[in-house]
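Subject: Structure handover

Hello,

Here is the structure you asked about. Please open it alongside this note.

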Amino acid sequence: MMRNVIFHGELAEFIGHKSLEAKVSTVAETMRFLICNFPSVEAHMARRYYKVMLNKNEVEESEIHYPIGQSDINIVPVISGAGGSFGKIFLGAALIGASFLFPGAGLFGT
């Protein structure tokens, strides 16, 4: 089923779109979709931090292979040094790497 993937801040500027529709069912599939369609996004995201939100709920690393239902997927850059509570944030490289692992394998695989 098609899902709305919404990009925020400098990521939207880099990709050239504020949103795209993609046939994805997990956050991991969303990251693979981005890398396949925008090869330079991997290097761009690698050293930056992001929150991934399904509607208004933040996603944890352990949840990136979970089905997303009918939620919109928001990928929000987190400005380092902004202060306050960051909540559940990902280093872009870790988010990308974890999206290519098998579900349940964790960040470092088995």
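Start at helix 2. Thr-26 caps the N-terminal end of this helix. A side-chain oxygen of Thr-26 lies 3.4 Å from the backbone nitrogen of Ala-28. Keep in mind that this is a predicted model.

Helix 2 covers residues 27-37. Its buried residues are Val-27, Ala-28, Thr-30, Met-31, Leu-34 and Ile-35. Seen down the helix axis, they fall within an arc of 160 degrees, so they line one face of helix 2.

Thr-30 is one of that set. Its relative accessible area is 1%, so it counts as buried. Which residues does Thr-30 contact, leaving aside neighbours within four places in sequence? They are Val-5, Val-24, Ile-73 and Ile-75.

Now the wider fold. The protein has four helices and six strands. Along the sequence they run β-α-β-α-α-β-β-β-β-α. Of the 110 residues, 35% are buried. Take the contacts between residues at least 6 apart in sequence: 65% of them join residues at least 24 apart. The accessible surface comes to about 6,400 Å². Carbon and sulfur atoms account for 55% of that surface.

Next, the core. The largest nonpolar core holds 23 residues. Phe-7, Leu-11, Ile-73 and Ile-75 have the most contacts inside it. Several elements each supply at least two residues of this core. Among them are strand 1 (2-7), helix 1 (9-15), strand 2 (19-23) and helix 3 (41-45). Strand 3 (49-54) and strand 5 (73-78) are on that list too. Helix 2 gives the most, with five residues.

Ile-73 is worth a look here. Leaving aside neighbours within four places in sequence, Ile-73 is in contact with Arg-3, Asn-4, Val-5 and Ile-6. The list for Ile-73 also includes Val-24 and Thr-30. Val-52, Met-53, Leu-54 and Ile-68 complete it.

Two more residues to click on.

His-44 sits in helix 3. Is His-44 buried or exposed? Its relative accessibility is 11%, so His-44 counts as buried. Beyond four places in sequence, His-44 is in contact with Glu-10, Leu-11, Phe-14 and Tyr-50. Leu-11 appears again here; it is one of the residues with the most contacts inside the largest nonpolar core.

Glu-21 lies in strand 2. Glu-21 is exposed, with a relative accessible area of 54%. Glu-21 touches Met-2, Arg-3, Asn-4 and Phe-33, not counting residues up to four places away in sequence. Take the pair Glu-21 and Arg-3. They are 18 residues apart in sequence. In space they are 5.4 Å apart, C-alpha to C-alpha.

Last, confidence. The average pLDDT is 80. A score of at least 70 is reached by 72% of the residues. Which stretch stays under 50? It is residues 104-110. The model has nine contacts beyond four places in sequence for that stretch. Where pLDDT is low, the predicted coordinates should not be read in detail.

Best wishes

Definitions and conventions: Residues numbered from 1 in each chain as written. Heavy atoms only, no water. Buried < 20%, exposed > 50% of the residue type's maximum accessible area, 1.4 Å probe, protein only. Contact = heavy atoms within 4.5 Å. Areas by Shrake-Rupley, 256 points an atom, 1.4 Å probe, with all protein chains shown as cover. Arc of directions from axis to C-beta. Polar contact = N/O pair within 3.5 Å; in protein donor to acceptor, adjacent residues only side chain to side chain. pLDDT = per-residue confidence, 0-100. Core = buried A, V, L, I, M, F, W, Y, C linked by side-chain atoms within 4.5 Å.
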